[in-house]
Amino acid sequence: MPPTQPQPKAKAPPPSSEYKTIAAQFAAAKRAKAADDAERAAREALEKEEQEIASVLDRQREALEAARKANYERRWWWTAGFWVWMLTMHVVGIGYFTSGFLLTRLVLEDKSVCAAPPTLNGNSNIDILPAWKGRGTVGGGCWHPKTFERAVIVVIDALRYDFTVPTRDNEAFHNAFSFMYDIALHSPTNAFLRPFIADPPTSTLQRLKGLTTGTLPTFVDVGSSFSGTAVEEDNLLMQFQDAGKRMVHVGDDTWESLFPGYFEPNMSKAYDSFNVWDLHTVDKGVADHIFPLMKRKDEWDIVIAHCLGVDHAGHRYGPDHVEMTKKLQQMNTFIQDLVATIDEDTVLIVMGDHGMDSKGDHGGESDDEVEAALWMYSPKSVFGRTEEEFAIPPDTAKIRPVNQIDLVPTLALLMGIPIPYNNLGRPIEEAFVGVRGTAWDNLAAAERMTAAGIERYQNSYFAARGIEQTSTPDSPPDLWAKAEALVAKRGKRVDWEAVYTAFTTYQQETLARCKSLWARFDLVNMALGISIMALGVLSLLVYTSMGGDDEGAIAYDADLDAAEKSLEMQGVKPDAETAFVRDQDKRLVRAALLGAIPGFAGGVVQSLLSGAGDWYRGAGFAALTSIAAVLVTLYDTKETVLNLRPKTVWGWMAVVFTLAPSIGFASNSYTIWEDSILLFFITTFGFVSALAALRLPSLADRYLSIYHSALFVLLGRLASFSKLCREEQMPYCTSTYYASATSSTSAPWQLVIPFLVVMILPPIIKAYLVPSRSYEGLAPTWIGSVFRAGLFLSAAYWTLDAADNGNWLPDLPANLLKSLSVYTAQTVLAMALVAGTTAFVWAPPCVSIITSAMKSGKAAQVTVLGYGNAHGARYLLLPLNLLGACILLSKPMGGGALALLMWQILSLAEIIDLNALAAASPAIGPVMLAVLGSFHFFKTGHQAVLSSIQWDSAFVPLFSIRYPWSPLAVALNTFAGQMVATAAVPLLVLWKVNPRRKGLLGAVSRALGAFTVYFAVEALATMMWAGWLRRHLMLYRVFSPRFMTAAVVLLVVDLFGILVALAGVRCNTLAISEVFGWAE
């Protein structure tokens, strides 16, 4: 059978439409996936590339920020270095002038000895007195018959003469210490009371030197009041020691500083002399020790007791206070009890070392400060009067006064020891004229012996100075020869009264010559100091005029800043001109250091060649060559004196306000009324700024500028009601700083002022910040809470202090109120200076960031509140912290004046901003700030006199003297106006400035320069006028204190400019730039 044919396969049915759809979808999905994968890969690659680019950019930005920060830090240090150099130049200039101006006396090392009386040098060998038993020995009397074996010397510090005589008034300091007057009146042969005139300066240390050496102190010694050095020239205590006398001291520890090793250690007791808050410890200690000593007279020969309660009561309360009455009554009882223990071999001397002014202070040369009291007493009849009416103690200190140095020869001759070699005093007549007042021979002998010692000293002094004495009619040599001729006359009757008068005339004329020509001014050092200061002022002026067209004056431009950053990130360096401007301070400091080398070397070589040994002159020459090098460097930068010419009315005002006071210091009346002149300048500035406001285009700005101008003037007028009058201003001035002209405490109504400050000042500060939306961040917490709390605690402190002073709560335990007040003050200072500084350093900008959605919903809108015043608002915290400390350390009236100062500073900042003066006339703001600081120096209870220093401020935060805190407290109290003004200098530059502003460091440094120029010119002018008027009658009352005030203020401004203003700007810039980035 044939094979079977295979059957063909059946064809698959065609795909259905559903399958085709699925296949198509699958293919599409596959293609889509491939596309997505490709897109994802491309996107990831792009993102990775973008991330890498962003990472590179971030690193570049971080590197740029780090580089800008490092560059800023370097420039800040060079700027600070420039100001340290300027401070050094001021120190050298002031030091040189001072070394030639403040008189220093040549101290002779010669020493009087018992066996060599000065009459041996005379032309006549005739003795007035016949030989006495023990002549030439300590036992009988070295140069004069001895009267007493022992002496008790009581110094009642600040015992003014009118405290001891009866007076028909109701003053608290009168008629409370009558015992000495009564004894002198009713027992004139046992006691006498006379005015005891001190030579200025009337500080305790200088007075003790005069009371023991018989010499005139010099003004430069006043600085030693706080660290007395041992007296090395011949003095009473040295003579007592050489005579074998045993000396005991109780009371003021100044004696231990001046005479170490002189006193019996097991019997003496010294007490701290500077705790003016303590009225009783020293006086109680003196009483507790001296009365047991009176029962052990065989164990001592000399007792020196120094009571401090009267002086401390004056410093703390002023003389017109019930506490002064109590203290004088206590001293009256003490002396009365002490008199009962004195025997006939002992002389009791009670005296004041100086007086006190109407506020209880001292240090100057006013009548109240120099008029002390002297009382000498003995149970045996010793003292006499040359006239019957002299038996009644003088009613006032203007009648029959004796110089304090007259005690030296008086006590030496009474005790039988030699008169110290350098003595210029003369014997007090009551001690030698005899009980009947007729022993003219004895008085003449004492006067001749003393005058012979003075003549011997003068010969030695002129020989040591290399000066030849000239004998002209009525000159000291001529008067000495005439007096000796009277002694040499041979006759039965010698007019011993005429002899006494002749030697007295010689002594008085010699003393007058010494007072006027005691020491020679070193004109070379004075001229060198003035030259250094003048060149320093010139260099500072040229430095301040720099940068009129530099980057500091360029406002922020976003496009320009972005382009600059882009170039910097690409490694493009700034152009040479920009780098030149930024490195200006660096070049100046290098030039200053290099320039000092040849000057110093020249000074050393000159010292070697001259053989004078004045190595310090190298510092002066180094200063001159250093300044010259700086001026040359400034000239290389096209900065010359021609740039100093003012171009606007504001510039001319700055010049006038700087020069006018300095020119006026040539007049003593101008200097005395300086505070009124400064008020006139403040008023003038406010008036001119109000007129300038009329030219502003914006009506709102115009009204605001007029408001701040008027407010600026009114605040100055209000502050002027706080006054502390100088003696020379009387009777045309009424003091309001204290409760009265004779008080050093505040009136009860003045306690309202600190509480008004608590309520008013924080809201005022807030009102200046709110318009720029700057009351954000830390500002509300710090200003509204912490700062206000500090002000409240300050007000509480002064309330507790008044309660303690006025004994408002007598039932409280002793010292409770004092303890509470001290701890309160310490809390305020901790808040202001410790916590305040910490907060300022670490605080973020005073801004707030608000994020809100845009209407389109696509992006969020970020608003930075306070951006436009970020720099100024944050920096304001620094002067506020300093202000809080200064308000605490100032009395209520002073605290109120300082609050007005801060208000005026803020108004000044607004005036400068509204009138665009920071660019048009950058000097006027700092100069007005300097005027404000000087004005408020007077409004905080100070004058350019030593007696206005408020020493009690040292005890506001402390129970006793503590170094260095006590001097710092006094400095903050004294220079509060200038310190706050210095701290506020950067505020004028930073006010209403956003974080992107460039050149702020240079602008602040130049503003600080303009500010410092004001005080430098003031110091230079007072130097020149004091040097020119060095023989003027008012030199040590007006011109010398004003120079010293100006010099110290300049150094304080320099120091605060570096430590507070520049350091504050650095911290502020770091904090702002960490948030908003570095603008340069």
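At 10% relative accessibility, C733 counts as buried, and this cysteine makes a good starting point for a tour of the predicted model. Its sulfur is joined in a disulfide to that of C725, at an S to S distance of 1.9 Å. The partner, C725, is buried as well, with a relative accessibility of 9%. A value of -70° about the S-S bond makes the link of C725 and C733 left-handed.

The structure holds two disulfides. The other is formed by C114 and C142, whose sulfur atoms lie 2.0 Å apart. This pair links distant parts of the chain, 28 residues apart, with C114 and C142 each placed in the loop between α1 (17-101) and β1. The link of C114 and C142 is left-handed too, with -105° about the S-S bond. C114 has a relative accessible area of 18%, and because buried means under 20%, this cysteine is counted as buried. C142, at 4% relative accessibility, is likewise buried. When the bonded cysteines are numbered in sequence order, the pairing reads 1-2, 3-4. Two further cysteines can be mentioned here: C846 is buried at 0% relative accessibility, and C1067 is buried with a relative accessible area of 17%.

Stepping back to the whole chain, the secondary structure comprises 34 helices and ten strands. Of the 1080 residues, 55% are buried. Among contacts with a separation of 6 or more, 79% are accounted for by residues 24 or more positions apart. The chain exposes about 45,400 Å², and carbon and sulfur atoms supply 61% of that area.

Eight strands come together in an open sheet with mixed pairing. Reading across this sheet, the order is β4-β3-β5-β1-β6-β7-β2-β8. The edges are taken by β4 (269-271) and β8 (402-403), each of which pairs on one side only. A helix also belongs to this picture: α6 (residues 281-294) packs on the sheet and touches β1 (150-156), β3 (247-252), β4 and β5 (302-307). The direction of α6 makes about 160° with that of β5.

As general background, strands of a sheet pair through backbone hydrogen bonds, in either a parallel or an antiparallel sense. Here, β6 (residues 346-351) and β7 (residues 371-377) pair in the antiparallel sense, over four bridges. To find this pairing in the structure, a reader may look for L348, which stands opposite Y377 in β7.

Aromatic side chains offer another set of landmarks, since the structure holds 34 aromatic pairs. One of them brings together F163 and F173, whose ring centres are 5.7 Å apart and whose planes meet at 50°, so the pair is tilted. F163 and F173 lie ten residues apart, both in the loop between β1 and α2 (179-186), and the pair links distant parts of the chain. Both F163 and F173 are buried. Elsewhere, F82, W83, W85 and Y543 form one aromatic cluster.

Technical notes: Residues numbered from 1 in each chain as written. Predicted model: local features only at pLDDT ≥ 70, side-chain atom pairs only at ≥ 80, totals over all residues. Heavy atoms only, no water. Helix = DSSP H or I, 4+ residues; strand = E, 2+ residues; numbered from the N terminus. Buried < 20%, exposed > 50% of the residue type's maximum accessible area, 1.4 Å probe, protein only. Contact = heavy atoms within 4.5 Å. Areas by Shrake-Rupley, 256 points an atom, 1.4 Å probe, with all protein chains shown as cover. Pairing = 2+ DSSP bridges. Axes fitted to C-alpha atoms, helices over the stretch in contact; angles between N-to-C directions. Disulfide = S-S within 2.5 Å. Phe/Tyr/Trp six-rings, centres within 6.5 Å; stacked < 30°, edge-to-face > 60°.
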